[in-house]
Amino acid sequence: MRNLRQAVILAAGTGSRLRGVVDDKPKGFLKLGEKPIIEESIAKLVRSGVTDIVIINGYRHEYYDALAKKYPFVSTVKNPDFAETGSMYSFFMARERIYGDILLLESDLIYEYNVLQALHNSIYSDSILISGRTGLGDEVYVGVDGDTIVNLSKDIKKIKHLGGELVGISRISLDLYREMVGHAKDMFDRHPRYDYEDCLTDLCNSRSINYDFIEKPAWMEIDDEDHYKNARDIVYPLIGERDRTVSIKKNIERTVLLNPGPAATTDSVKYAMVVEDICPREQEFGELVRGIRRDLVRIVHGGELYEAVLFASSGTGALEACLTSVIPGDRAALILNNGAYGERMQQICDGFGIRHIDYVIDWGESIDFKEVEAIIIENKDLISHIAVVHHETTVGILNDLTAVSNLASKYHLELIVDAMSSFAGIPIDVKNLGIHYLMSSSNKCIQGMAGVGFVICNRESLEKSGVLKPRNFYFNLYQNYRFLSEKGEMQFTPPVQILYALRQAINEYFIETEEGRADRYAQMYRVLTAGLKKLGFKFLVEEKFHAKILTAIIEPRDKNYDFTEMHDFLYRRGFTIYPGKGAKEDTFRLANMGAISCDDIERFLENLQGYLTLNNIKLS
Ligand SMILES: Cc1ncc(COP(=O)(O)O)c(C=O)c1O
């Protein structure tokens with residue numbers, strides 16, 4: 001289930017039975033601790049990951065409006081008819097504000113944090129939280145049948161199979177909310193005091209509404225002075241005790257990312273970021289960094305001859321670090337550009353006044369190495385480096401590293417390879433290929449989180465680059481390397497948690513093995529492209545040049561086709577696709593990298609077919 005980010009609190013009522021303890025304020029402003037109970041509830045919601053809280057106010061609304069001024073994530077909606085209407089009318093008033101699944105709460109509740117977790121982690125998209133019997137008076141009983149609710153009532157005689165008591169916190173999907181709004185519209189005339197519990201009862205005959213049961217949560221609804229005393233003396237202290245020792249648990253919904261990175265990650269990689277706070281200057285953290293550097297080199301078979309230099313950056317940071325740090329001022333790089341990332345290397349050189357000679361062809365075309373050689377011969381004394389993108393993610397083409405490497409060694413040039421979206425997805429042997437610098441990042445085929453860019457450098461070349469005048473400070477490759485090797489730490493503040501995730505991702509790579517990962521990706525590619533062809537799609541790049549990690553697909557010409565609509569249709573079903581980028585024809589792109597499987601690809605193809613059929617799109 002997707003984590004809930006929005007909560008709606010029903011707070012319009014007058015709470016007349018509590019006048020003695022809360023003066024003329026709304027019930028939520030009752031105090032048991034230092035803050036009013038509504039603010040305690042808000043703090044718990046925030047702790048649980050809610051980022052948008054809508055309070056429906058009415059009676060003395062200015063109190064809640066003041067909270068909206070105090071907290072940027074709180075807003076209010078007024079129910080002007082609060083005195084004559086029930087809670088469903090208040091809920092109805094929020095219809096312009098609700099855009100996804102929500103938590104629905106009442107304002108006069110005190111509760112332990114765990115009850116929010118139960119609903120966040122519920123396996124149901126609609127779930128009413130119920131507890132064992134409290135005997136507190138004024139309870140709403142919930143009748144159930146199996147795992148669904150049947151009715152809600154204050155009259156226990158109306159309940160056939162008692163599931164428990166309504167706590168007053170529910171998980172409501174957007175779909176259910178819309179249905180409630182539609183149904184309630186017709187009810188308000190006949191039943192102005194229609195409550196949301198009535199509406200749930202009415203709807204649960206026609207659709208499944210589930211529940212989560214907790215036998216004895218610490219919670220209470222405070223409606224009158226007896227409730228208040230009980231809360232103050234017993235329940236509130238119990239809540240405090242339980243909340244002090246609660247451990248946070250979060251289920252994560254699985255989504256299938258088919259965009260070219262950041263790629264989908266395993267839950268174990270996600271959870272690896274949840275670590276004790278640690279100062280990155282501690283020896284223990286230094287060990288983590290050392291191990292990561294060693295194993296990144298190992299992935300590309302660099303042995304003892306290579307060093308990995310890490311940066312807190314995206315992949316472009318690694319490109320910038322390398323290009324600005326290794327090309328001498330009186331020499332030039334030959335940049336091979338058959339996509340946006342070849343062009344990006346040109347842009348970096350332009351930005352720093354680094355000389356470069358460009359081989360530029362249409363994005364989607366393969367490199368003609370005879371032409372490249374001719375350029376090298378023509379500029380023999382100027383060129384010191386060749387820079388190439390291995391897997392040009394713009395179009396999904398795989399540039400031939402062996403061919404570039406042969407030219408580099410023939411003409412004694414150093415070889416710079418952008419392996420952003422091939423590192424760990426396609427086997428690379430930096431020693432055999434004579435690669436001097438290879439750049440990648442933590443969030444593509446290595447399946448970690450975004451935030452670390454790295455350059456794997458031939459040590460001898462890197463040491464030699466130390467004599468060059470630095471063009472920059474943060475991204476100077478040699479200086480960062482010196483710091484790492486002398487102090488065993490990254491020079492500047494590292495992205496601590498991202499590195500823990502990267503450690504986990506590297507371990508998972510070695511468990512899967514180099515061959516296993518490459519095979520999984522290749523199999524997904526086969527399933528994907530076979531399915532696309534069957535549907536009638538055509539590819540931008542000739543198949544023999546495909547990197548098999550990303551495919552650029554020519555957009556249908558049918559008038560009913562619209563990329564954004566297709567994206568949104570698939571996104572709602574858990575699949576993220578990606579637009580094309582500057583190729584010679586209009587394309588959209590699908591990557592098969594990350595922690596996904598052939599089953600995901602098959603499900604994706606079914607959904608894609610669903611989109612085409614629904615919109616009657618013909619592929620000629
Ligand atoms: C081949 C290639 N190079 C460079 C980059 C830039 O990486 P980032 O967006 O992490 O800066 C990308 C990003 O997709 C890429 O695919």
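## A walk through the salt bridges, ligand shell and cysteines

Arg 482 and Glu 486 sit together in helix H16 (residues 477-487), where a spacing of 4 residues puts them about one turn of the helix apart. Keep in mind as we go that this is a predicted model. The two side chains form a salt bridge, with their closest N and O atoms 2.5 Å apart. Arg 482 is partly exposed, at 34% relative accessibility, while Glu 486 counts as exposed, at 56%. Elsewhere, salt bridges that share partners link Asp 126, Asp 175, Glu 179 and Arg 207 into one network.

Side chains of opposite charge can pair when their charged atoms come close. The structure holds 29 salt bridges, and two further examples are worth a visit. One of them joins Lys 270 to Asp 267, at 3.6 Å from N to O. Both residues belong to helix H9 (residues 267-272), and because they are 3 residues apart there, about one helical turn separates them. Lys 270 is partly exposed, with a relative accessible area of 23%, and Asp 267 is partly exposed too, at 37%.

The other example pairs Arg 503 with Asp 295, whose closest N and O atoms are 2.9 Å apart. Arg 503 comes from helix H17 (residues 496-512) and Asp 295 from helix H10 (residues 283-299), so this salt bridge ties together parts that are 208 residues apart in sequence. Both Arg 503 and Asp 295 are buried.

Now let us turn to the ligand. Which residues surround it? The shell consists of Ser 314, Gly 315, Thr 316, Tyr 341, Arg 344, Val 389, His 391, Thr 393, Asp 418, Met 420, Ser 421 and Lys 444. By character, these residues divide into 3 nonpolar, 6 polar and 3 charged.

A few of these residues place polar side-chain atoms beside the ligand. Ser 314 has a polar side-chain atom 2.6 Å from a ligand oxygen. For Tyr 341, an N or O atom of the side chain is 3.3 Å from an oxygen atom of the ligand. Asp 418 brings a polar side-chain atom to 2.6 Å from a nitrogen atom of the ligand. Taken alone, the ligand exposes 390 Å², and the protein buries 87% of that. Helix H11 (315-326) and helix H12 (340-352) are the elements that give two or more residues to the shell.

Away from the ligand, have a look at Ser 122, in the loop between helix H5 (113-120) and strand S6 (127-131). Is Ser 122 buried or exposed? At 3% relative accessibility, Ser 122 is buried. The side chain of Ser 122 also makes a polar contact with the side chain of Asp 212, at 2.7 Å.

Finally, the cysteines. How many disulfides does the structure hold? The count is 0, and the distances around Cys 322 help to show why. A disulfide needs two cysteine sulfur atoms within 2.5 Å. For Cys 349, the closest cysteine sulfur is that of Cys 322, and at 9.7 Å this is too far for a bond. Cys 457 also has its closest cysteine sulfur in Cys 322, at 6.6 Å, which is again too far for a bond. Cys 349 is buried, at 0% relative accessibility, and Cys 457 is buried with a relative accessible area of 0%.

How values were computed
Residues are numbered from 1 along each chain as its sequence is written. This is a predicted model: local features need pLDDT of at least 70, side-chain atom pairs count only at pLDDT 80 or more; totals for chains, interfaces and linings use all residues. Side-chain values use heavy atoms; hydrogens and water are left out. Buried means under 20% relative accessible area, exposed over 50%, partly exposed in between (1.4 Å probe, protein chains only). A polar contact is a pair of N or O atoms within 3.5 Å; within protein, one must be able to donate a hydrogen and the other to accept it, and residues adjacent in sequence count only if both atoms are side-chain atoms. A residue is near a molecule or strand if one of its heavy atoms lies within 4 Å of it. Accessible areas come from the Shrake-Rupley method with a 1.4 Å probe; for residues, only the protein chains shown count as cover. Ala, Val, Leu, Ile, Met, Phe, Trp, Tyr, Cys and Pro count as nonpolar, Asp, Glu, Lys and Arg as charged, and the others, Gly among them, as polar. A salt bridge is a side-chain nitrogen of Lys or Arg within 4 Å of a carboxyl oxygen of Asp or Glu.
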